[in-house]
Amino acid sequence: MTAPQFSDLNPSVRVLLGPGPSMAAPRVLRVMSTPPVGHLDPGLLKIYAEEQELLRYIFQTRNEWTFALSGTGTSGMEAALANLIEPGDAILVAIHGYFGERLAVIAERLGAVVDRIERPLGEIFSVEEIEAALKRKPYKIFAIVHAETSTGAEQLHIQEIAAAAHKHGALVVLDTVTSLGSIPVKVDEWDIDIAYSASQKSLSAPSGLAPITVSPRAREAIAKRKTPVSSFYLDLGLYAKYWGDPHGYHHTASASLHYALREALRIAAEEGLEARFARHRANAEILWAGLEEIGAPPFIPSAYRLPPLTTARVPEGVSPHDVRARLLNEYNIEIAAGFGALKDEVWRIGLMGYSSRKENITLLLAALRELI
Ligand SMILES: Cc1ncc(COP(=O)(O)O)c(C=O)c1O
């Protein structure tokens, strides 16, 4: 067999304004070229400890079990559900977009009895609707997505929803994949049992790690399991030992990805949460005004529109997919198509983390003006 020969790696430099990944800050890219240490190196343990402290700040929690799992956001979903669910357990999933449905599918694969309540794409739930569903039968778990990346809607009233779930005896799992780092996620104040996220969205590190935090109540439920967690890789008890001192082997985590996430979190902490949320909102408002001006207004009502992810209505007579392809090929700008039934109706534009900057908005709006 002849040895394949390829040219040097030379990917296009893109302005990433899609639903994730977002752009990584130069500081994040720089630390990734630091030589990796071994997965049991004492230096890595120190990095984990710092990452934990930074993640607790971002999640606004004191939860001891706060880690960054090796895997993308979906590993956070799987870990949250796999550690809580035993076959036959009842779970209620509130679905207002594609990622809510993914939660339900994962729970089914884990052997849970899954009940779904659904809102049409682009809508969110009221507390009353969720409470009515919770009253129908006892559920061990209630799961919902905070920021639906498929529609650009923020599920509001999370604190009240969590209180209703607890009143009816359910643990609360919250998907904060897109929200963490760009809008408030108050794990302790809202009384969330497991929240998980992803490194590549509003935190602006490359994909590959999934921050997760677990309440004492959820830890107690995990401790009371009658069966072992079905996933060895995502067993949070084993993670606690791997990240603990003494630092025991569980798997060979990527030091490079942890360097990147630690740096991205350090940047977020230097900026400060309030300033970071304000920047995301201010930039999103500039984008929203610009989109109105060019005839591609935001799809989601302003009351629950997400600053990190905007769905914009494609103007009449414009081919959404041609424009998207031309943005990529001619301007090096990535945005995404809509999901499911919204595929030909909207574009999805992300202003997350390091991508949320005025110059990117000006560039995108100027390019769209030329193309539509
Ligand atoms: C809300 C939400 N949950 C979960 C995921 C899955 O994350 P990943 O693609 O990193 O596995 C995504 C990804 O876009 C998401 O937006």
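Two strands pair if DSSP finds at least two bridges between them. Helices (H or I, at least four residues) and strands (E, at least two) are DSSP runs, numbered from the N terminus. The model is predicted: local features need pLDDT of at least 70, side-chain atom pairs count only at pLDDT 80 or more, and totals for chains, interfaces and linings use all residues. Residues are numbered from 1 along each chain as its sequence is written.

**Exercise 1. Lay out the open sheet of 3 strands and find its edge strands.**

Step 1. Write the order: β11-β14-β13. The pairing is antiparallel.

Step 2. Look for strands that pair on one side only. These are β11 (309-313) and β13 (336-337).

Step 3. Check one pair. Strand β13 is joined to β14 (residues 346-350) by 2 bridges, and the two run antiparallel. Across from Ala336 stands Arg348 in β14.

**Exercise 2. Decide whether strand β10 (residues 209-214) is enclosed or open, and name its partners.**

Step 1. Apply the burial test. A residue is buried if 20 or more other C-beta atoms lie within 10 Å of its own, exposed if 12 or fewer, and partly exposed in between; C-beta atoms are placed from the backbone.

Step 2. Count. In β10, 6 of the 6 residues are buried, so the strand is largely enclosed by the rest of the structure.

Step 3. Sort the directions. In a regular strand the side chains alternate between the two faces of the sheet. From β10, Leu209, Pro211 and Thr213 point one way. Ala210, Ile212 and Val214 point the other way.

Step 4. Find the partners. Strand β2 (residues 65-70) pairs with β10 in the antiparallel sense over 6 bridges; Ala68 stands opposite Pro211. Strand β9 (residues 194-196) also pairs with β10 in the antiparallel sense, over 3 bridges. There, Ile194 faces Val214.

**Exercise 3. Describe the shell around the ligand.**

Step 1. Pick the residues that come nearest. Of 14 around the ligand (C-beta atom, placed from the backbone, within 6 Å), they are Thr72, Gly73, Thr74, Thr149 and Val177.

Step 2. Find the main contributor. Helix α3 (residues 73-84) gives the most, with 3 residues.

**Exercise 4. Judge the whole protein: how compact is it?**

Step 1. Count the elements: 13 helices and 14 strands.

Step 2. Compare sizes. The radius of gyration (over C-alpha atoms) is 21 Å, close to the 21 Å from the globule rule (2.2 Å times the number of residues to the power 0.38) for 372 residues, so the protein is as compact as a globular protein of that length.

Step 3. Add burial: 49% of the 372 residues are buried.

Definitions and conventions
Ala, Val, Leu, Ile, Met, Phe, Trp, Tyr, Cys and Pro count as nonpolar, Asp, Glu, Lys and Arg as charged, and the others, Gly among them, as polar.
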